[in-house]
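Trainee: Got a minute to go through a structure with me? I'd like to talk about its ligand site and its fold.

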Amino acid sequence: MKVFINKRIPEIGITMLKEAGLEVIIPENDNLSREEWLEYCKKTDAVLNVGGNQFNQEFFEECPNVKAIALFSVGFDHVDIKEANKRNIPIGNTPDVLSRATSDVAFLLMQSVSRRASFYFQKVKDRNWGNFDPLYELGQELYGKTLGIFGLGRIGFEMAEKCKKAFGMNIIYHNRNHNEEAEQELDAKYVSFDELIEKSDVLSIHANFKPEQSNLFNASVFEKMKKNAIFVNTARGGFHNQKDLYQALVSGKIWGAGLDVTNPEPIEDNDPILQLSNVCILPHIGSATIEARNGMARLAAENIIAFSKGEKMKHIANPEVY
Ligand SMILES: NC(=O)C1=CN([C@@H]2O[C@H](COP(=O)(O)OP(=O)(O)OC[C@H]3O[C@@H](n4cnc5c(N)ncnc54)[C@H](O)[C@@H]3O)[C@@H](O)[C@H]2O)C=CC1
Ligand SMILES: O=C(O)C(=O)CO
């Protein structure tokens, strides 16, 4: 069986696939155009995909030989699951192994914004150390404040746990279902969406993205948030309207924002949000640790190997295909 991987992944995954007797195809050029990418996909049985290539109707129609897809990500918002289901194609993903790393980034963004780290680092780089000034550009402490989690699943739980342990924060959350574990272990309180945005000092987004949730966090939401609130998004950029976020930040409707994901992604060169000092923006590095990436490679390889043996994938976005 042929497996196409569009970018090199940690060696552990490649070794596992080869030891299972699979033919692994990795192109020299790891920055393929969509056309080039489709050409590779057409000739393979299984695709191990790194990044946001769209698995849409066009893909499924043009690549009928592909019988399994293993994503090198937990998010599967770039896959048309209905189209995959019509053809009984399992879509593997990589849950859990990246939850710690991604929640670490949410935590880092929250702290960096609360203590104005980007602003001060820029001053240091500009050789403008400044004098000790008791009133100048003060940060805010997080101790005892309220963390609101939108989408309390695996990563949201880890973010909530860190904030509880480090700063004794009160946890409120809005989710599709109650999260019993978080309610018992972290004393997390389920609230309505409106209550979440009105009461959070830090609002951290951890839901899985669907197109119908585009721009959910927009001007009317930022309007209702607290003036000292920090907006953190490590989930998907599509959740927030970036122009509205910019306006909320310049007009002081909210305190600051920490983004690991932007809308669009990559961020546009002339996006005015880049000029603001109350933001910290990272280029989608949530899972970028050695540990998480090794784990992702292992899970993705396990998924492909299971498929090749006629077994069920263990980590799957569409279990309904079985
Ligand atoms: N920045 C990065 O590098 C990374 C980003 N991610 C993103 O984080 C997301 C979450 O990952 P996990 O925690 O593993 O997923 P998960 O499935 O464990 O948790 C997501 C939670 O969001 C809830 N949810 C979804 N839509 C909702 C809505 N409209 N209202 C209320 N609750 C809603 C779900 O019920 C679920 O409990 C991924 O889908 C991905 O988009 C994941 C890994 C790395
Ligand atoms: O896993 C995901 O969904 C990511 O965004 C990158 O790890």
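What follows is a short chat about a predicted model.

Trainee: Which residue puts a polar side-chain atom 2.8 Å from an oxygen atom of ligand 2?

Mentor: Start with the shell, which is made up of Ser73, Val74, Gly75, Leu98, Arg236, His284, Ser287 and Met296. Val74 uses a polar backbone atom, 2.8 Å from an oxygen of ligand 2, and Gly75 also brings a backbone N or O atom to 2.8 Å from a ligand oxygen. The side-chain contact you're after comes from Arg236.

Trainee: How much of the accessible area of ligand 2 does the protein cover?

Mentor: Take ligand 2 on its own, and it has 230 Å² of accessible area. With the protein there, the covered share is 84%.

Trainee: How many residues of the shell around ligand 2 are polar?

Mentor: Split the shell by class: 3 residues are nonpolar and 1 is charged. That leaves the polar group, which counts 4.

Trainee: Which strands sit at the edges of the open sheet?

Mentor: Read the order of the 7 strands, E8-E7-E6-E9-E10-E11-E12, paired in parallel. An edge strand pairs on one side only, and that picks out E8 (189–190) and E12 (279–281).

Trainee: Which residue in E8 is the bridge partner of Tyr173?

Mentor: E7 covers residues 170–174 and runs parallel to E8, with 2 bridges joining them. For Tyr173, the partner in E8 is Tyr190.

Trainee: What residue range does UniProt list for the catalytic domain?

Mentor: The unreviewed entry calls it "domain: D-isomer specific 2-hydroxyacid dehydrogenase catalytic". In the model that span is 37% helix and 13% strand, with its end C-alpha atoms 21 Å apart. The listed range is 5–318.

Methods
Residues numbered from 1 in each chain as written. Chains lettered and ligands numbered in written order. Predicted model: local features only at pLDDT ≥ 70, side-chain atom pairs only at ≥ 80, totals over all residues. Heavy atoms only, no water. Near = heavy atom within 4 Å. Polar contact = N/O pair within 3.5 Å; in protein donor to acceptor, adjacent residues only side chain to side chain. Areas by Shrake-Rupley, 256 points an atom, 1.4 Å probe, with all protein chains shown as cover. Nonpolar A, V, L, I, M, F, W, Y, C, P; charged D, E, K, R; others polar. UniProt positions renumbered as here; feature names shortened; annotations may be inferred. Helix = DSSP H or I, 4+ residues; strand = E, 2+ residues; numbered from the N terminus. Pairing = 2+ DSSP bridges.
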